[in-house]
Amino acid sequence: MSKSRNMTLVINGRSREVAVAANETLLETLRGIGAVEVKCGCEKGDCGACAVLLDGLAVDSCLTLTWTVGDRAITTVKGLGTADNPHPLQTAFADRGAIQCGFCTPGLIIASKSMLDNDTDDPSESEIRVGLGGNFCRCTGYNKILDAVIEAAQVMREEADVQ
Ligand code: FES
Ligand code: FES
């Protein structure tokens, strides 16, 4: 077993002390401390279920060694909104029926947030397909996911306009 060392991670705005082994992935660390909203799928970078934001950019946590994260802000889908005050992406995924089993949903919402914040706030359907190309869904057929992202993007633009 590889030796562990203590480090402080910033997860959804809160600092958390963790003991981390040199070969431990961020996915293992997060799920090990109860962040089970980060899903474990393929563990090899193919499915996107494990995506989290690192300083606002989506990464596959299964491909990220925890010790490399340093003090960058980690955001899971739980950090985007609450049941009482959901993020527009969370609302749109629910309203549009873009969630069936829901296993892919945390990763898809994280990847969508990263795309809308960093690439384009008004994506075309083909840009969404490219932006979410690393995220697999076995249930929805993707059309409802596309509808949800288009709807959320519009809400996010409107919210940005009034600020
Ligand atoms: S579990 Fe990380 S990409 Fe599939
Ligand atoms: S809703 Fe089931 S895998 Fe996407």
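Let me start with a term: partly exposed means a relative accessible area between the buried range, under 20%, and the exposed range, over 50%. Keep that in mind for E151. Its relative accessible area is 24%, so E151 is partly exposed. One caution before I go on. What you see is a predicted model.

Now, what does E151 do with its side chain? It meets the side chain of R96 in a salt bridge, 2.6 Å from N to O. This pair links distant parts of the chain. E151 sits in helix α5, while R96 sits in the loop between α2 and α3. In sequence they are 55 residues apart. R96 is partly exposed too, at 39% relative accessibility.

How many salt bridges are there in the whole structure? A full search finds five. I'll show two others.

Take D122 and R157. Their side chains meet in a salt bridge at 3.2 Å, N to O. Again, distant parts of the chain are linked. D122 is in the loop between α3 and α4, and R157 is in helix α5, 35 residues apart. D122 is partly exposed at 49% relative accessibility. R157 is partly exposed as well, at 24%.

Then there is K113 with D117. The closest N and O atoms of this salt bridge are 2.4 Å apart. This pair is local: both residues lie in helix α3, four residues apart, about one turn of the helix. Is K113 buried or exposed? Buried, because its relative accessible area of 15% is under the 20% cut-off. D117 is partly exposed, at 42%.

On to the core. The largest nonpolar core has 25 residues. Those with the most contacts inside it are L89, F93, L108, L132, I145 and V149. Which elements give two or more residues to this core? They are β3 (51–54), α2 (88–95), α3 (105–118) and α5. The largest share comes from α5, with seven residues.

So much for the inside. Helix α5, residues 143–162, also holds D161. That residue is exposed, because its relative accessible area of 67% is over 50%. D161 belongs to a negative surface patch. The other members are D121, E158 and E159.

Just ahead of that helix, look at Y142. It is in the loop between α4 (125–131) and α5. Y142 counts as partly exposed, at 29% relative accessibility. Compare its position with R129. The two are 13 residues apart in sequence, and their C-alpha atoms are 8.9 Å apart in space.

Last topic: backbone angles. Most residues other than glycine have a negative phi. Which residues go the other way here? E43 is one of them, with a positive phi of about 60 degrees, although it is not a glycine. E43 lies in the loop between α1 (26–32) and β3. It is partly exposed, at 47% relative accessibility.

D55 is another non-glycine residue with a positive phi, about 50 degrees. Its place is the loop between β3 and β4 (57–60). D55 counts as exposed, because 51% relative accessibility is over the 50% cut-off.

To wrap up, back to helix α5. It gives the largest share of the core, seven residues. It holds E151, the salt-bridge partner of R96. It holds R157, the partner of D122. And it holds D161, a member of the negative surface patch.

Technical notes:
Residues numbered from 1 in each chain as written. Chains lettered and ligands numbered in written order. Predicted model: local features only at pLDDT ≥ 70, side-chain atom pairs only at ≥ 80, totals over all residues. Heavy atoms only, no water. Patch = residues over 30% accessible without salt bridge, like charges linked within 9 Å, V, L, I, M, F, W, Y side chains within 5 Å. Areas by Shrake-Rupley, 256 points an atom, 1.4 Å probe, with all protein chains shown as cover. Salt bridge = Lys/Arg side-chain N within 4 Å of Asp/Glu carboxyl O. Lys, Arg positive; Asp, Glu negative; His and termini not counted. Charge placed at Lys NZ, Arg CZ, Asp CG, Glu CD. Buried < 20%, exposed > 50% of the residue type's maximum accessible area, 1.4 Å probe, protein only. Core = buried A, V, L, I, M, F, W, Y, C linked by side-chain atoms within 4.5 Å.
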